[in-house]
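This report describes side-chain contacts in a single protein model. The reader is invited to follow each contact in the structure shown below.

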Amino acid sequence: MVQDFQEYGAWRDNVAQALSRYQAWVQREELADGASQQRIERALARLADDKLSVAFVAEFSRGKSELINAIFFADYGQRILPSAAGRTTMCPTELMYDPAYPPSIRLLPIETRAENLSTGDYRDTPEAWTVFGLDLNAGEAMHETFKQVSRTRRVPVEEARSYGLLDENDPHAGESDDGMVEISLWRHAIINFPHPLLKQGLVILDTPGLNAIGTEPELTLNLIPNAHAVLFILAAETGVTKSDIDVWRTHIGAGPGRVVVLNKIDAMWDELKTDGENEAEIERQAGSVAGLLGLAREQVFPVSAQKALVAKINGDMPLLEKSRIAELEAALFNELIPARRDIIREQLAVEMDQLVAAQNAALTTRVRDIVEQLQELKGLRGKNQNVIAHMMKRVDAEKKEFDGSLFKLQGTRAVFTRLSTELYTTLGMDLAKQEIAAVREQMESKRFGFNAGMRESVRDFFDQMKANLDASNAKTIEISSMMESMYRKFSSEHGLQLAVPMAFSLDRYRREIDRIEAAYHKQFGTATMLMTSRGVLIDRFFDTIASSVRKVFRSANADVEAWLKVIMAPLEAQIRQHKEQLKHRLASIQRIHDATDSLEQKIASFEASQAELEAMRATLSDLAGGVSLAMDSQMTAWEAAA
């Protein structure tokens, strides 16, 4: 497994190196306009920031933490995450590695739930977190520090309710006779740990029981839906419970990267039965689970995480085989890594096609300019001074005509500026903040969560945000159409080789708003609103909704701004090049007219330049091929393993 991730990391590094070589060359040869440079930078950032997220979801005491220990941390010779009977993970816990931080546990206090901010809003606020350092050379001390994720405190019922943590339907709510309730000390935990897999970009999410799926908006709206793989863990002796089915149908469901783990099969190892009889009983239970969840039998993996951990630590191969953990690991990573690699590869392949097309167009223009000048110069052989003077006038007239078209371009720029301004009237962050503030006012006035009126307000909020994105998208289409028309005009009138302007769409942001809205409706449908009085909890959900919507619009604004900056870059680069070419043509003919340059020497110089440009085209093809080769490397090995 470590080797698989290391090979995946090496694949990313090789692709990034090949792309960086491509970038350096096109910059050196002045073939990279603003749009091309932006594409390359984004592709490199995508490779550098690539993460593989695996979420572990289960009810309490199903062995989530033990399964994480068995799969990822057995090499440490002990449990890293706390694992015992009862509730050991009290808050959502992410395990990752960021070299910008020392090995540590960052903990967000539970009191932050009283504020109108989501967990995501606090990620860039270091002072909000309590930090405990990790001593990697002291295993026992490190294990004790990890127990922070299990810590709780007792608070009055009203305080728990104000945090949205008191659910009368939760059997674990635990209100005592003295009116106190036990809640988690922390809202969220981020463990920064230099494990080899985490260094390669793996992110592990440990969730604190099924009830938290409904009470922690960050899990419901972001972390679980965005995970590349979700392991839904059941206990072999209990099978599928009603709450299991509800969470599976509402928040997880069958699909790519979704795996069901039937843990604790060692509870079914009856010493009075034969191994065959025990295996048959486990198989029957796995089949029953598959049927209840609507899965194929091969999508359910019976394992014993505890026995797997013991076997790995003690080097007990027969016990490790009996735990069946290897089947789960193989299924998880043989699917996860190639699938993620294919997504990145497809995205990069599209980027490279567009990049190479743009750079080839620039080279074609240069070659065409050289050929035109060669034809002009060769046509001067044996001609008198009057013919040369006439050619000078013709080139000068062509230059003036081109300069005249640039004045017309200024009018198009004015329209471009107006449309860009109109675009921000529906996409600007101020508008998004105003819409969010308006809903918050309605929440306060209508006591959000206690009547159907607030459902309508939230629905109207989503409708308005989607309408804003749709209007903005229509404006980007209008801008794109205008730019395409201008590109075609310049291409036809002046023979410029112009690639299609950089495409842009806000569709993916529209889909993200749809996803957030769907998650909200799943959590707070009509039945839920009528059956429960969870106003504070819905407040917290709207905090995360608002944070997520702000993030969507912030990203959309950044992308639009970057696009508007570069959409004219290819045209502007070609205009500059064409102006220089006309100037050089005129100067070249002028020098020949004045007898300061030899005609044959000039022809030889241009022929050499043409040969250099053809060599550059070959180099471009080789470098682009190097990126493609790096992207295709290791495919055979991974496909064979899968």
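Which residues are buried in helix α10 (residues 242–252)? In this predicted model, the buried residues of helix α10 are Asp-244, Ile-245, Val-247, Trp-248, His-251 and Ile-252. An α-helix has 3.6 residues a turn, so residues three or four places apart point the same way. After helix α10 comes Gly-253, which has a positive phi near 75°.

**Aromatic pairs**

Across the whole structure, 10 aromatic pairs are found. One of them joins Phe-56 and Phe-72 in an edge-to-face arrangement, with 6.2 Å from centre to centre and 80° between the planes. This pair links distant parts of the chain, since Phe-56 belongs to strand β1 (residues 52–58) and Phe-72 to helix α3 (residues 64–72), 16 residues apart. Phe-56 and Phe-72 are both buried.

A further pair brings the discussion back to helix α10. The ring centres of Phe-232 and Trp-248 lie 5.5 Å apart and their planes meet at 35°, so the pair is tilted. The angle falls between the two limits, because planes under 30 degrees apart count as stacked and those over 60 as edge-to-face. Here too, distant parts of the chain are linked: Phe-232 is in strand β9 (residues 229–235) and Trp-248 is in helix α10, 16 residues apart. Both Phe-232 and Trp-248 are buried.

Aromatic residues also form a cluster, made up of Phe-56, Phe-72, Phe-73, Phe-146 and Phe-193. The Phe-56 and Phe-72 described above are thus members of this cluster.

**Charges over rings**

Two lysines are placed over aromatic faces. Lys-199 lies over the face of Tyr-97, 5.9 Å from the ring centre. Lys-322 lies over the face of Trp-269, at 4.3 Å from the ring centre.

**Salt bridges**

How many salt bridges does the count come to? The count is 31 salt bridges. Three of them are set out in the table, with the distance between N and O atoms.

| Salt bridge | Distance, N to O |
|---|---|
| Arg-39 and Glu-351 | 3.6 Å |
| Glu-281 and Arg-284 | 3.0 Å |
| Arg-341 and Asp-342 | 2.5 Å |

The side chains of Arg-39 and Glu-351 meet in a salt bridge. This salt bridge links distant parts of the chain: Arg-39 lies in helix α2 (residues 34–48) and Glu-351 in helix α14 (residues 325–378), 312 residues apart. Arg-39 has a relative accessible area of 9% and is buried. Glu-351 also counts as buried, at 15% relative accessibility. Both assignments follow because buried means under 20% relative accessible area.

Glu-281 and Arg-284 are placed in one helix, α11 (residues 275–293), 3 residues apart, or about one turn of the helix. Glu-281 is partly exposed at 29% relative accessibility, and Arg-284 is partly exposed with a relative accessible area of 47%.

Is each partner of the remaining bridge buried or partly exposed? Arg-341 counts as buried, at 1% relative accessibility, whereas Asp-342 is partly exposed, with a relative accessible area of 29%.

Salt bridges can also be joined together. Asp-463, Lys-466, Asp-470, Arg-510, Asp-514 and Glu-517 are linked in a network of salt bridges.

Note on methods: Residues are numbered from 1 along each chain as its sequence is written. This is a predicted model: local features need pLDDT of at least 70, side-chain atom pairs count only at pLDDT 80 or more; totals for chains, interfaces and linings use all residues. Side-chain values use heavy atoms; hydrogens and water are left out. Buried means under 20% relative accessible area, exposed over 50%, partly exposed in between (1.4 Å probe, protein chains only). Helices (H or I, at least four residues) and strands (E, at least two) are DSSP runs, numbered from the N terminus. A salt bridge is a side-chain nitrogen of Lys or Arg within 4 Å of a carboxyl oxygen of Asp or Glu. Rings of Phe, Tyr and Trp (its six-membered ring) pair if their centres lie within 6.5 Å; planes under 30 degrees apart count as stacked, over 60 as edge-to-face and the rest as tilted. A charge sits over a ring if NZ of Lys or CZ of Arg is within 6 Å of the ring centre and within 35 degrees of the ring normal.
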